[in-house]
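Here is a quick walk through one model, written for someone who likes to know the cut-offs behind each word. Have a look at the picture first, then read on.

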2 protein chains.
Amino acid sequence: MARAVKRKTGAAAVRLPAELTQARRFSKTRSAQSSALLEDYVELIADLLTTGGEARPTDVARRLGVSHATAIKTIARLKREGLAPGRPYRGVFLTQEGQKLAARVRTRHRLVVDMLLALGIPAEAAEADAEGIEHHASEATLKAFAQFLQSREQN
Amino acid sequence: MARAVKRKTGAAAVRLPAELTQARRFSKTRSAQSSALLEDYVELIADLLTTGGEARPTDVARRLGVSHATAIKTIARLKREGLAPGRPYRGVFLTQEGQKLAARVRTRHRLVVDMLLALGIPAEAAEADAEGIEHHASEATLKAFAQFLQSREQN
DNA sequence: TCTGAAGTGTAGCCATGGCTACATTTCAGC
DNA sequence: GCTGAAATGTAGCCATGGCTACACTTCAGA
């Protein structure tokens, strides 16, 4: 049983499209994960700025449940990528681009949460799941969510 | 504007529950990501075993879109965690635990895909999004998805 | 039986995102 | 003004999950 069956020596060159499609899907999922972190930071910074007028690394760290060192390191990456300017010891802000990203992320987050709530999922679970789900919802999915919610409202 | 406002020196001790809740949510999301990879591997190995009778590292790598070295390294981790036994050069299999996990993951995957399809999302987008979403759907959310689909069928 | 191609495994590199420990800066209150 | 506590920043460690390069096994076919 353990012995491998006949090697498909020649067949390896004939790559099946289905195989490639699946590989592409996984790649997409992997890259989504790398941008997810930045999106979370930007969204949180925007939230801190609007509610408190300032966004300090310590607050970011506390809200995300990571050490302040981790938060500062990631914020440095935000700066490198032109999303969040800020001078040392003076808190962090958002560039126009950062603000646009934050707005998009916030809208998307609310949409996903509303969708889950509409399905009858308890608030706490809906919030928690949305945190993970939102980074993997394509435009098509978001549109479908919006349409579902809209059709719901009309009844 | 850049100057930080009054430090809330004493208030730091009075941790808001909302803050902790959010931090907990993010932690949960982070840990979900670490198990997501193993789940994907186990699901794929199960699929290869049922359709082809064997699961070879190269096939796994090809389907996931990673190098064979990466696949082998992760499969080694599966072995360490008691999910997938296998002797060198003889393909990989699943322990009972691994099979149970695979079954759970497969059911969940299909549920998420069906849900997205039911919302009118195109098949390719539904498959791709499900790949990311499935790892973040709690029991409550899965139950809600199932109920939604069931109510749909009755109409 | 031999051999070479394909598959498998190993070594070692990189980036990311965690962490702790330590150094520096700021600023409220004396 | 000083000073000490809190915030901020830096250094360096670890694990994970990618990769390439190279070494070793297997086995189909000559």
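What percentage of the 155 residues of chain A count as buried? The figure is 34%, where buried takes 20 or more other C-beta atoms within 10 Å of a residue's own, exposed takes 12 or fewer, partly exposed is in between, and C-beta atoms are placed from the backbone.

Some housekeeping: this is a predicted model, so local features need pLDDT of at least 70 and side-chain atom pairs count only at pLDDT 80 or more, while totals for chains, interfaces and linings use all residues. Residues are numbered from 1 along each chain as its sequence is written, and chains are lettered from A and ligands numbered from 1 in the order in which they are written.

**Fold and symmetry**

Chain A has six helices and zero strands; these are DSSP runs numbered from the N terminus (helices: H or I, at least four residues; strands: E, at least two). Between residues of chain A at least 6 apart in sequence, 48% of the contacts join residues at least 24 apart. A contact here needs C-beta atoms, placed from the backbone, within 7 Å.

Chain A lands on chain B after a rotation of 180° with 0.0 Å of shift along the axis, at an RMSD of 0.0 Å. That is the relation of a two-fold axis. In chain A, A:Ile133 has the C-alpha nearest the axis, 2.5 Å from it. The superposition is by least squares on C-alpha atoms of residues with pLDDT of at least 70 in both copies.

**Where the chains meet**

The contact takes 44 residues from chain A and 43 residues from chain B. On the chain A side, helix 1 gives the most, with 11 residues. The classes on that side are tabulated here.

| Class | Residues on the side of chain A that touches chain B |
|---|---|
| Nonpolar | 18 residues |
| Polar | 13 residues |
| Charged | 13 residues |

In this scheme, Ala, Val, Leu, Ile, Met, Phe, Trp, Tyr, Cys and Pro are nonpolar, Asp, Glu, Lys and Arg are charged, and the others, Gly among them, are polar. Since 98% of the interface residues of chain A are also interface residues in chain B, the copies meet through the same surface.

**Helix 2 of chain A**

The axes of helix 2 of chain A and helix 1 of chain B come within 6 Å and cross at roughly 65°. That makes helix 2 of chain A roughly perpendicular to helix 1 of chain B, a label used for 65 to 115 degrees. A:Arg62, A:Arg63 and A:Leu64 make this contact from helix 2 of chain A, with B:Glu19, B:Gln22, B:Ala23 and B:Phe26 from helix 1 of chain B. Axes are lines fitted to C-alpha atoms, for helices over the stretch in contact, with angles from 0 to 180 degrees between N-to-C directions.

Six of the eight residues of helix 2 of chain A are buried. They pack against helix 1 and helix 3 of chain A together with helix 1 of chain B. A:Gly65 follows helix 2 of chain A, with a positive phi near 75°.

**Core and loop**

The largest nonpolar core (buried Ala, Val, Leu, Ile, Met, Phe, Trp, Tyr and Cys joined through C-beta atoms within 7 Å) has 20 residues, and A:Val112, A:Leu116, B:Val112 and B:Leu116 have the most contacts inside it. Contacts of B:Leu116, leaving aside neighbours within four places in sequence, include A:Thr141 and B:Ile121.

B:Tyr89 lies in the loop between helix 3 and helix 4 of chain B. B:Tyr89 is exposed, with 9 other C-beta atoms within 10 Å.

Conventions. Contact = placed C-beta atoms within 7 Å. Parallel < 35°, antiparallel > 145°, perpendicular 65-115°, else oblique.
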